[in-house]
Amino acid sequence: MTSLQLSAKEEMVERFLDAAARGNLSQLNIQLSNVPSLVNQTGYSGWTGLMLAARNGHYSVVEALLAHGCDKFSVNSSSQTAFDIAKFWGHKHISDLLSRTDDGCQRVLPGADLTQRENYFSRETLDRLSAKRTDKVWLEAKQSDSDTVYLMFSDLNPMVRSSQEDDNAEGETKLCRFRYEAVKDLLQKPATVLIFLGVEKRKNPSSSSPQTVEGVTEPPAWFAIGSDEDAAELLKRCREKNCAFPKTPHRDLLKLTEEEAGILAQARSVLAWHSRYSFCATCGSGTRPEEGGHKRSCLNPDCRSLKGVHNTCYPRVDPVVIMLVIHPDGNHCLLGRKKMFPAGMFSCLAGFVEPGETMEEAVRRETEEESGVKVGPVQYVSCQPWPMPSSLMIGCLTVAISTDIKVDENEIEEARWFTRQQVIESLLRGTSPAFIVPPRQTIAHQLIRHWIGINANL
């Protein structure tokens, strides 16, 4: 892109953001009709048009931007969403609009004006159509459909495309998408694992039925392919530039859009399960995938896993509690760090839920085991799928009933009480923060923001 083209683009973005800030709805609609991609463009300090409209109380502009598909969950350089901004400036009619879910439902926690928020990896972009997983004829037809989308995985990592121009730039990362002709030979190989992920959701569904209606075609289906073919050979199948399989998934997979992250969470978790359950956990015989990759059946006809329902046959999810411990004074929170964390980073405590254990008891047990702090009341906040390999992070707030810290050095290396002000400075990335918060895509980050937002707006 030439400097002249770049300047023209910057001027166009500036005019769009100015229209949003001023509440000029007619001008904004004209610009979006000509260049729809403007809707999520950012200006100074990462502010979008939605944030500017929310700041200045322009309800009709906020409505229009949402209708055009603006991402209401994006954050500016201060980690604020449009909802945060509208709430801070007292535009309740706009914050209420931004807090609504698609079906108009709203969950409000007792004693706090808070709404449920979507966590990274949680967005359901596809309709899973689980009833279709047993329909072999339908699945086979979808596999060879020209509109069907395939995602390619090697060693559980998806093939992605980066738009960055050089190693120092932060480019956009997207999942590489393939059509049937590009992967049909892989589908014939016995070692290939194929997962039916679902079909694209219709924006304005006229019927809940997934069947084709006369004159209306079904939306495209999506599949994930897990291949043991050499990664370098798989990359040759992609015609796009800058394609690769991520080498550090805990970091690289956080660069996807919310929509693609939700698809990835399902695909990677199920593929990870297949990689660990090639053999029957009941009798040791081999297994084969069924039901669109969402079940494995033992090849031994006498195995008892074939009689009744057994959790060895279906993908497993590991429940993990992750909790922000609040000091009895209400103005401090307990955070810990593991040796593997980047320097200076502290996060919420977390641990696996054990068999026969409630979520609340798991919070109390894990907190005491890791930090020596005893806690009392536990309040659920939200959850997050975490596909590394397949956990469900159950986010909670809990109140301490003791404050002395004695860390279990096998679990964490340090734990501290941080003041509310220290947390705010860290969230806002001040000049000398007391610690580094986890990335915004993690539920730990969202729990910390949640606590701050209960009594103070950012």
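Two strands count as paired if DSSP finds at least two bridges between them. Helices (H or I, at least four residues) and strands (E, at least two) are DSSP runs, numbered from the N terminus. This is a predicted model, in which local features need pLDDT of at least 70, side-chain atom pairs count only at pLDDT 80 or more, and totals for chains, interfaces and linings use all residues. Residues are numbered from 1 along each chain as its sequence is written, and side-chain values use heavy atoms, with hydrogens and water left out.

**Stop 1: a small set of strands**

Select residues 160-162, strand S4, and then S5: the two pair in the antiparallel sense over 3 bridges. Show the side chains of arginine 161 and lysine 174, since you will find arginine 161 opposite lysine 174 of S5. Now add S9, and you have an open sheet of 3 strands in the order S5-S4-S9, with antiparallel pairing. S5 (173-175) and S9 (243-244) are the edge strands, each with a single partner, so one side of each has no neighbour in the sheet.

**Stop 2: a hairpin**

Next, pick S15 (residues 375-386) and S16 (residues 391-400), an antiparallel pair with 9 bridges. Follow the chain from S15 to S16 through the 4 residues of the hairpin that joins them. Valine 375 faces you as a handy marker: look opposite and there is alanine 400 in S16.

**Stop 3: helices side by side**

Go to H2 (residues 25-34) and H4; they pack at about 15 degrees with axes 10 Å apart (axes are lines fitted to C-alpha atoms, for helices over the stretch in contact, and angles run from 0 to 180 degrees between N-to-C directions). That angle makes H2 roughly parallel to H4, a label for angles under 35 degrees. To see the contact (heavy atoms within 4.5 Å), select Leu25, Leu28, Asn29 and Leu32 of H2 with Ser60, Val61, Ala64 and Leu65 of H4.

Keep H4 (residues 59-67) on screen and add H6 (residues 92-99): here too the angle is about 15 degrees, and the axes are 10 Å apart. Tyr59, Val62, Glu63 and Leu66 of H4 meet His93, Ile94, Leu97 and Leu98 of H6.

**Stop 4: two rings**

Finish with phenylalanine 196 and phenylalanine 223, whose ring centres are 5.4 Å apart and whose planes meet at 50 degrees, so the pair is tilted. Rings of Phe, Tyr and Trp (its six-membered ring) pair if their centres lie within 6.5 Å; planes under 30 degrees apart count as stacked, over 60 as edge-to-face and the rest as tilted. Phenylalanine 196 belongs to S7 (residues 193-200) and phenylalanine 223 to S8 (residues 221-227), 27 residues apart.

Note on methods:
Angles under 35 degrees count as roughly parallel, over 145 as roughly antiparallel, 65 to 115 as roughly perpendicular and the rest as oblique.
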